[in-house]
Amino acid sequence: MDGLFTDPNCSSLVPWSSWLAQLGGLDLGAYGAEPTAEGLKAQQAEEAAVQLGLGPDGSCFLGSSTLLLAQVVGAWRRGRFVAALQTFAVLHDHFLTAAHPGFFQHSAWPLSDQDVRFWKDRLLYQIRRFREIVGRRLDQGMKALDEVPDMVERENLGGFASHALQQMQQRRTGRKGNLTLRVPWELAPAAALIPSLPQVVQPVRVYVYGESEVEAIGKLTRSPAFCHYRQWGMDVGFHDFFRTSPIRTFEPEEADYFFVPSYACCHQVAGMADFDDLDADHEAVVSQLAYFQQSGGRDHIFSFHYIDLFPSWRKQIPKSVILTPETEVGFERSLGDFGLDQTRFPPFNALKDIVVPPYINLRDILGFHRHSKAMRSRSFVASFAGKLWDSESVAEAAKVRSQVAALGEAPGFRIHGYASIKDMLNSDGMQRLMGDSIFCLVPRGRAAWSVRFFEALWAGCVPVLLSDHYQPSFDQLFDATQFVIKWPVSRIDESLVSFLTSLPLDVAERYAANARNVRCWYLYPPPEVSWIGDWQTRHELEEVEKHVCPNLSSSRNAFQAVVEILARRKVASRVRPEAFYIPNPDQNFEACQQSCATASEHEGYGVQLETEAAEEAELMEKHTCWCKENGEAKEKAILEAQAHIEEWEGRITELEAISSRLETEISTLQEEVDKNQASFDESVGLRKKEVIKFQEEETELLSSLGAVFT
């Protein structure tokens, strides 16, 4: 990848530069997919690369990426869907994921993000379609494919049929030892995978907005591959899931919910958009949502790593459902950064929003599982490894983590805190430490939540949550008090050490066993464009399903947990709460919303409306006159009042600070008075003893003198 910085167009590599010169205005997107001259040109470009002896390699990163997309187009045009998907998986996982999207935007290669989004959407749609075809013959097993006369069609359908049957077999047999809890609401694997399955009623229906109908969505969903394999990858994951899931509907009238995709956190962290850009882009999207107003946005779902990535969300989407791991403040920001009372305007509403897990790579899950020791063989009572934030970056995290760092001297506690990323533990070190600890401390970090909470579930240690305002995911489905200890931040001291040290080991084992029962619901499967097409990703998924979480790729994962919560919350009446509805005589007395009068009533209303219009015009004239005469004075009074409010708010804050300081000083002085009084009382007691002793000695001496003189 070194050439990305020095020679992105590979001008020093003759075969690649020669191929680039032949590409001209090549279109590898929508036009390339069709049986047109552009599509033929894309296929010819692929053949030209073969003649030059070119293949995807690291010598020309962007050229290889372009060639892979050309191969996707070529395979598609030849009807080889599996080959197209496998090639796209290589492009997605091994190229687009590894490089910042800016490299592609500023090169001469005809590889655009829009083209990649187009192909991903088309491949996901086709995955869903092939599963639907397989579902019609599923009862016949794999032998049903023998009846498909076309060899290419058998190839396209074979993998989906095999996967569906495998998932059904996993459900039937289960696995001894993985202890994953089977809950009554869990779907059958086939129902979770296959659309339009006979006699299956989906628990909820979701309509997915696309950039073909809402153009601004394209800007919010840039770089899907780059944005997927990070903690905020769940934003991309939900977009992919809703596009392929059987709960998707293409008919808005059938929808219980409407999903609006956005990869905002990735774009902000990668420098692709700042907060002002994100705010404007989301406002543009909301203004174009065709079905938003019918319920005031209550049935619209947004996925945000934290909601304040859309700064004006309180104005634009206050009633919408938010999927987020964050229940307090934003990523790497302190409460004071928001200039808003979080208690009056909370970023999370438990009545409508859903706390979801972050994305975790399956390779890490296998690592935690591998290093997880039996509870009675663990070396540490409790441990923590993580960054020690400074107060200038995230004030709340700095306070909590400094308290945790102070526990490092306690017997049986292992704390590895670091200020610089060069001192952090690598993945293997982290997995070994957590897998060797009975309790894993989970202090809040750059946000109220921390990925350590979810890692603890897989390391087999009991998570000890040290974040007052974090609400664990899916508490509507699972009782977190049975597998999580939540300890107040105000008592991160010797009392925590004493409590954890004194807990019987069988209690910790019970908590860990309860966590194993539910932890698979807190995990996402990898992207379908990855595991279906890429061998390495598929192997990791198969290992997780074999040893830890059966049915992860179908019915038992975090996506399905969210579906269950949505199903419990859906409403049958798809109207705004403030709407009116009556039976309409002109429509066979079917319910009609808001203003729905009959034709005869409309005729009778004509004269009345004209009279009312004249009266309203007269009132309007009077009110306009009043506004002109009094408006300026009222506006001035309002401005003066606002100025006084700001002044007194500042004064109140100042006096509160003084009051707090004086209370501290009074407390300190009282302690000194109490100390001095105790010292005084001690001195008085000592002096009394000395006086008594002196008087005794004096009496004795006087007696002795009297004896001498007598």
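This short talk covers salt bridges, pockets and cavities in one structure, which is a predicted model.

I will start with the charged pairs. Side chains of opposite charge can pair when their charged atoms come close. The structure holds 23 salt bridges, and I will go through three of them.

The first one to look at sits in helix H8, residues 113-135. Asp113 and Arg117 meet there through their side chains, at 2.5 Å from N to O. The two residues are four apart, about one turn of the helix. Is Arg117 buried or exposed? Arg117 counts as buried, because its relative accessibility is 11% and the limit for buried is under 20%. Asp113, at 23%, counts as partly exposed.

Next, please find Arg243 and Asp121. Their side chains form a salt bridge with an N to O distance of 3.0 Å. Arg243 lies in helix H13, residues 234-244, and Asp121 lies in helix H8, so this pair ties together parts that are 122 residues apart in sequence. Arg243 is buried, with a relative accessible area of 6%, while Asp121 is partly exposed at 35%. This pair also belongs to a network of salt bridges that links Lys120, Asp121, Asp240 and Arg243.

The third pair is Arg363 with Glu540, where the closest N and O atoms are 2.9 Å apart. Here too, distant parts of the chain are linked: Arg363 is in helix H17, residues 362-370, and Glu540 is in helix H24, residues 535-547, with their positions 177 residues apart in sequence. Arg363 is partly exposed at 44%, and Glu540 counts as buried at 11%.

Now to the empty space. Rolling a probe the size of a water molecule over the atoms shows where empty space is left.

The largest pocket has a volume of about 950 Å³. Its lining has 32 residues, and those nearest the centre are Gln231, Met424, Arg446, Val451 and Arg452. Helix H17, which holds Arg363, is one of the elements that supply at least two residues to this lining. The lining divides into 16 nonpolar, nine polar and seven charged residues.

The second largest pocket, of about 690 Å³, brings us back to helix H8. Which residues lie nearest the centre of this pocket? They are Arg117, Asp121, Gly210, Glu211 and Ser212, out of 31 lining residues. Arg117 and Asp121 are both members of salt bridges I have described. Helix H8 gives the most to this lining, with eight residues. By class, the lining has 11 nonpolar, eight polar and 12 charged residues.

That leaves the cavities. The structure holds six of 30 Å³ or more. The largest cavity contains about 260 Å³ of space. Phe241, Thr244, Pro525, Glu528 and Phe559 lie nearest its centre, among 25 lining residues. Helix H13 provides the largest share of that lining, five residues. The classes are 13 nonpolar, nine polar and three charged.

The second largest cavity has a volume of about 130 Å³ and is lined by 13 residues. Asp113, from the first salt bridge I showed, is one of the residues nearest the centre of this cavity, together with Leu96, Pro101, Phe104 and Ser223. Helix H12, residues 224-228, gives the largest share of the lining, three residues. Nine of the lining residues are nonpolar, three are polar and one is charged.

Technical notes:
Residues are numbered from 1 along each chain as its sequence is written. This is a predicted model: local features need pLDDT of at least 70, side-chain atom pairs count only at pLDDT 80 or more; totals for chains, interfaces and linings use all residues. Side-chain values use heavy atoms; hydrogens and water are left out. A salt bridge is a side-chain nitrogen of Lys or Arg within 4 Å of a carboxyl oxygen of Asp or Glu. Buried means under 20% relative accessible area, exposed over 50%, partly exposed in between (1.4 Å probe, protein chains only). On a 1 Å grid over the protein atoms alone, a cavity is a set of points where a 1.4 Å probe fits but cannot get out, and a pocket is an open set with protein on both sides within 12 Å along at least five of seven lines; lining residues have an atom within 4 Å of a point. Grid points are joined across faces, edges and corners, and a volume is the space filled by probe spheres set on the points. Ala, Val, Leu, Ile, Met, Phe, Trp, Tyr, Cys and Pro count as nonpolar, Asp, Glu, Lys and Arg as charged, and the others, Gly among them, as polar.
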